[in-house]
Amino acid sequence: MYSDPLAYLITFHTYGTWLHGDDRGSVSRGANGYGERRLEKSESWVEQAKAAMKFPAVMLDDAARSVVDFAVRDACEFREWRLLELNVRTNHVHIVVRAATAKEQMMMALKSRATRLLRERCVLAADQPVWTDHGSTRLLFSPRAVTGACFYVRAGQGATLPMDDTWWEPYAAMAEQAP
């Protein structure tokens, strides 16, 4: 065990795809610590959360997933964070990253970069929320925990999903024309 985390497992969901009262459980702002019980399933909470949504839920298609994948990799490279594992799904993103940066700051930077690129590519309307308000930021204190998180992100998410990288073609053409 180390006094500082070796890495972080960061997870965030797309807007409207994991609501309070959901079958999978959820946490509240006041009770969200490690090991604390999740909120119980509640159809009325789910209905209240759906009624409060101002936009439709966001599902990432192959092209949008590719944009998010690129954005996360680009943000990590720019900030010199060591990206250990990444899996962009249709309704959430899992990242295992090693950095000497506050976990909340990392999550916000990754979400912001992905949002900016999605908007630039006109995948989503300018006022459409992309992500849930927060996410999960787990501290990984041992090599075993890091290895386990990497395995979970890489192999514990179901079938590998295809990505459509054709969104990058206009940028590639501009790069070829640059002096």
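Before I start, one definition: when I say that a helix touches or lies across a strand, I mean contact, that is, heavy atoms within 4.5 Å. The model I am showing is a predicted one.

With that in place, take helix α4, residues 143–155. Helix α4 lies across β1, β2, β3 and β4, and its direction runs at about 30° to β2.

Those strands belong to the sheet, so let me turn to that. The sheet is open and has four strands, in the order β2-β3-β1-β4, with antiparallel pairing. At the edges are β2, residues 82–88, and β4, residues 136–140; each of these pairs on one side only. On average, neighbouring strands are turned by 15° against each other, direction ignored.

Now the pairing at one end of that order. Strand β3 covers residues 92–98, and six bridges join β2 to it, the two running antiparallel. To pick out a bridge you can find on the screen, L86 has I95 in β3 as its bridge partner.

A second helix also packs on the sheet. This is α3, residues 103–120, which touches β1, β3 and β4. Strand β1 is residues 7–13, and the direction of α3 makes about 45° with that of β1.

Staying with α3, one residue to look at is R113, which lies in this helix. Is R113 buried or exposed? R113 is buried, because its relative accessible area is 16% and the cut-off for buried is under 20%. What is R113 in contact with, leaving aside its neighbours within four places in sequence? The residues are F70, A71, D74 and A75.

Next, the aromatic rings. How many aromatic pairs does a search of the whole structure find? The search finds one. The pair is F12 with W131, and the arrangement is edge-to-face: 4.9 Å centre to centre, with 85° between the planes. F12 is in strand β1, while W131 is in the loop between α3 and β4, so the pair ties together parts that are 119 residues apart in sequence. As for accessibility, F12 is buried, with a relative accessible area of 0%. W131 is buried too, at a relative accessible area of 7%.

There is one more ring to mention, and this time the partner is a charged residue. R79 lies over the face of W81, at 5.5 Å from the ring centre.

To recap, the picture is an open sheet of four strands, with α3 packing on the sheet and α4 lying across β1, β2, β3 and β4. The aromatic pair of F12 and W131 links β1 to the loop between α3 and β4.

Technical notes. Residues numbered from 1 in each chain as written. Predicted model: local features only at pLDDT ≥ 70, side-chain atom pairs only at ≥ 80, totals over all residues. Heavy atoms only, no water. Pairing = 2+ DSSP bridges. Axes fitted to C-alpha atoms, helices over the stretch in contact; angles between N-to-C directions. Phe/Tyr/Trp six-rings, centres within 6.5 Å; stacked < 30°, edge-to-face > 60°. Buried < 20%, exposed > 50% of the residue type's maximum accessible area, 1.4 Å probe, protein only. Lys NZ or Arg CZ within 6 Å of the ring centre and 35° of its normal.
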